[in-house]
Amino acid sequence: MDSKAVSWLNGFMGVAIFAGSLPATRVAVLGMDSFFLTGARAVVAALLATIWLLVGRVARPQRADLPSLALVGFGVVLGFPLLTALALQYITSAHSIVYLGLLPLCTAVFGVILAGERHKPVFWGFSILGSLVVMTYAAQEGLDAAWQGDLYMLAAVVVCGMGYAEGGRLSRRLGGWQVICWALVLSAPFMFVMMVWFWPQSVSSVNASAWLGFGYVSVFSMFLGFVFWYRGLAHGGIAAVGQLQLLQPFMGLGLAAALLGEAVHASMIWVTLGAALCVAGARRFAS
């Protein structure tokens, strides 16, 4: 299998794992505090990352890499998990998944800003059109009843795109799994304090479903998914492989309906499909 195919396969594996993140987070926040969930999932993932780094005898990152790793940590270790957990207190996971249609655009924009990628004007035309489709849906369906959830999701998509792009750029030199491992380790002290500060008064009061959701986002969403995802971005291109995120809403909507019994309205499917077609057009003209 050639390197390009391997990059896309890694990217697909990452997206498939991430597809379960929002439904699992939705289950978890029904039984535990959002801040505790964010801190605890990062601490668990950091422990796994530490073991992986020690077993692999990986050299420490250079001092010049620390700001980039901090940016990755802010985007994908703290920002996206916390903002989505807060959003899912107001909206269903099916509703929140629609916003993932904006992730390819955000990732591509930060790929230009942080990694110096360049694309044709037609690329940006398709990308902006897809974003407008998603935003129009949000204004009509979500802002009337749960505007807090919509705003949290918008912020989450922005910081996630930033973390994806910077992690993809840094992975070209450090390696995909090394980037997420070091980002988790460096973020661990702050996330540990958050976990302890928001520790539930009675752990026994947290139901089994919430713990299962917590386990998934800690091991798969926070760690294993990034091992594949950053490897794909590093070798296949941030904007190009980033388009695989278009599959995530479809997978996520299916999981929300199958596992949580949430209603998936026809409008959600049409909006997701519209965004997918727009960003697929952008992919054709990406450099």
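**Questions about a predicted model**

Guide: Ser171 sits in helix H8, which covers residues 143–174. Keep in mind that this model is predicted.

Visitor: Why is Ser171 called buried?

Guide: Its relative accessibility is 2%. Buried means under 20%. Ser171 is under that cut-off, so it counts as buried.

Visitor: What makes the link from the side chain of Ser171 to the backbone oxygen of Gly167 a polar contact?

Guide: The side chain of Ser171 reaches that oxygen at 2.6 Å. A polar contact needs N or O atoms within 3.5 Å, one able to donate a hydrogen and the other to accept it. The distance of 2.6 Å therefore fits the limit.

Visitor: Which residues does Ser171 touch, not counting those up to four places away in sequence?

Guide: Ser171 touches Gly176, Val179, Tyr230 and Ala234. Tyr230 also belongs to a cluster linked by ring pairs, along with Phe18, Tyr164, Phe226 and Trp229.

Visitor: How many aromatic pairs are found in the whole structure?

Guide: The search finds 13.

Visitor: Why is the pair of Tyr164 and Phe226 called edge-to-face?

Guide: Check the distance, then the angle. The ring centres are 6.1 Å apart, and rings pair if their centres lie within 6.5 Å. The planes stand at 65°, and over 60 degrees counts as edge-to-face. So the pair is edge-to-face.

Visitor: What makes this pair a tie between parts apart in sequence?

Guide: Tyr164 lies in helix H8 and Phe226 in helix H10, so the pair ties together parts that are 62 residues apart in sequence. Both Tyr164 and Phe226 are buried.

Visitor: How do you know whether Phe36 is buried or exposed?

Guide: Phe36, in helix H3, has a relative accessible area of 3%. The cut-off for buried is under 20%, so Phe36 is buried. Beyond its neighbours within four places in sequence, Phe36 is in contact with Met195, Phe198, Trp199, Pro200 and Trp211.

Visitor: What makes helix H2 mostly covered?

Guide: Count the buried residues: 9 of its 9. Among them are Pro23, Ala24 and Val27. Those three also help line the largest pocket.

Visitor: Which helices supply at least two residues of that pocket's lining?

Guide: H2, H10 and H12 each do. The largest share, 4 residues, comes from H10. About 210 Å³ of space lies in the pocket.

Visitor: How does the lining divide into nonpolar, polar and charged?

Guide: It has 8 nonpolar residues, 3 polar and no charged. Leu212 is in the lining, and Leu counts as nonpolar. Gly213 is there too, but Gly counts as polar.

Terms used
Residues numbered from 1 in each chain as written. Predicted model: local features only at pLDDT ≥ 70, side-chain atom pairs only at ≥ 80, totals over all residues. Heavy atoms only, no water. Buried < 20%, exposed > 50% of the residue type's maximum accessible area, 1.4 Å probe, protein only. Contact = heavy atoms within 4.5 Å. 1 Å grid on protein atoms, 1.4 Å probe; cavity = no way out; pocket = protein on both sides within 12 Å on 5 of 7 lines; lining within 4 Å. Points joined across faces, edges and corners; volume = space filled by probe spheres on them. Phe/Tyr/Trp six-rings, centres within 6.5 Å; stacked < 30°, edge-to-face > 60°.
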